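Here's a quick briefing to read alongside the model. Keep the structure open while you go through the points below.

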Amino acid sequence: TPKDLETMMQLLYANIVKPRNDKAGFDVAKEMIKGVLKNQVNTPNYVFQDSLARFIFSNNPKAEILGMEVIDKMNYERTLQILNERFGNAAEFNFIIIGNFDEAQLKQYVAQYIASLPAKKGKKEVAIDDKLAIKKGDVYGEFVYATENNQAKYAGIWHTNKIAYTAENSVMASIVGQLMSTNLTNSVREDEGAAYSPHASASLDMSFEPELVVQASFGIDPKKKDRVCELTTKALTDLSTNVKEEELNKIKEYMLKAIDQNEHENRYWLNAMYAYLNTGVDRNAGYRDIVKGLTPAKIQDFTKKILAAGNRIQFVMLPPAE
């Protein structure tokens, strides 16, 4: 709340300059997390997500999801060392503050609590490729896992790093995911009855390089595994040749209504400014014109670029054979 702005600034300063040395608290937190994980690590959703991450990232430790082994490996001294390394020099930090505040008062707090943070001149840090990459090519994998209800799960992933990070491409990625979801509902659920709630999404993100990922993940009828693989692929490939204008217009109308609401939310502006700092692309400016200007032909051409990369991963968890 506005009255707690200075308290927030004080906590920010203390967290960076005077982190609390509390080994006992660290150990308690580890045990609490392990207690929660005990009830999760054997659930179908956890097993599937863990197996999927290991598969698509070829067991890269940076893709490891939170599990017992991760918690056991956590070392207090090393954790404290990393914290001090990351926060010991605020020279390159960016601070984004959004919300209801008095600008003159905020400037005073920034001068007092942020300008006084430790800042050392020197060589700037440069992003490098951490080799955390999704498998390339047309890949299929499956494994068997026994569950009470003989559940089966499917994941399909298409990806490429050959699409530039632009505001328009980011919007088109989102639309491809929404249109694919509609296709999945019509084919996999309604026509085939192979899944209860199929869903897809797509996003264009920027880390070391642009990466566009289309993914669909949902529970399926294990007897219709092959048909699900076929129809999910078709749900995307169809968008390269046939985007219905009425369906596209519905999505555009929804997105334009959503931006009107989002622009009143702190979180929206926080994410927009963070994205601009991280990528150099302003995703807010011209957003409405971008959405209004999209046509079926543009979405079809965009989908063709995704498919041209030739990267498709299909991964299935099946119950034991009867």
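A word on terms before the strands come up: two strands count as a pair if DSSP finds at least two bridges between them. With that in hand, β2 (residues 152–160) and β5 (residues 312–318) are an antiparallel pair, with six bridges between them. Bear in mind that this is a predicted model. Overall, you're looking at a protein with 12 helices and five strands.

**The whole protein**

- The C-alpha trace covers about 65 × 50 × 40 Å along its principal axes.
- Of the 322 residues in the protein, 35% are buried.
- The accessible surface adds up to about 19400 Å², and carbon and sulfur atoms hold 51% of that.
- On the charge side, there are 40 positive and 42 negative side chains. The centres of these two sets sit 3 Å apart.
- If you take the contacts with a separation of 6 or more, 83% of them come from residues 24 or more positions apart.

**The sheet**

- The five strands make an open sheet with mixed pairing, and the order across it is β1-β5-β2-β4-β3.
- β1 (138–144) and β3 (200–206) are the edge strands; each has a single partner strand, so one side of each has no neighbour in the sheet.
- On average, neighbouring strands here are turned by 15° against each other, ignoring direction.
- Helix α7 (residues 167–191) lies across β2, β3 and β4 (210–220), and runs at about 165° to β3.

**β5 and its two partners**

- β5 is mostly covered, with six of its seven residues buried.
- On the β2 side, tyrosine 154 has valine 316 of β5 as its bridge partner, and alanine 155 has phenylalanine 315.
- β1 and β5 run parallel and are joined by seven bridges.
- On the β1 side, glycine 141 has phenylalanine 315 of β5 as its bridge partner, while aspartate 138 stands opposite arginine 312 in β5.

**The two faces of β1**

- In a regular strand, side chains alternate between the two faces of the sheet.
- β1 shows this alternation: Val139, Gly141 and Phe143 point to one face and are buried.
- Asp138, Tyr140, Glu142 and Val144 point to the other face and are not buried.

**Two residues to click on**

- Is threonine 303 buried or exposed? Threonine 303 is buried, because its relative accessible area is 0% and the cut-off for buried is under 20%.
- You'll find threonine 303 in helix α12 (residues 296–308). Leaving out residues up to four places away in sequence, threonine 303 touches Val176, Leu236, Leu239 and Ser240.
- And alanine 119, buried or exposed? Alanine 119 counts as exposed, because its relative accessible area is 54% and the cut-off for exposed is over 50%.
- Alanine 119 is in the loop between α6 (103–114) and β1. With residues up to four places away in sequence left out, alanine 119 touches Asn89, Ala90 and Ala91.
- Alanine 119 and glutamate 92 are 27 residues apart along the chain, and 8.1 Å separates their C-alpha atoms.

Note on methods. Residues numbered from 1 in each chain as written. Predicted model: local features only at pLDDT ≥ 70, side-chain atom pairs only at ≥ 80, totals over all residues. Heavy atoms only, no water. Helix = DSSP H or I, 4+ residues; strand = E, 2+ residues; numbered from the N terminus. Axes fitted to C-alpha atoms, helices over the stretch in contact; angles between N-to-C directions. Contact = heavy atoms within 4.5 Å. Buried < 20%, exposed > 50% of the residue type's maximum accessible area, 1.4 Å probe, protein only. Areas by Shrake-Rupley, 256 points an atom, 1.4 Å probe, with all protein chains shown as cover. Lys, Arg positive; Asp, Glu negative; His and termini not counted. Charge placed at Lys NZ, Arg CZ, Asp CG, Glu CD.
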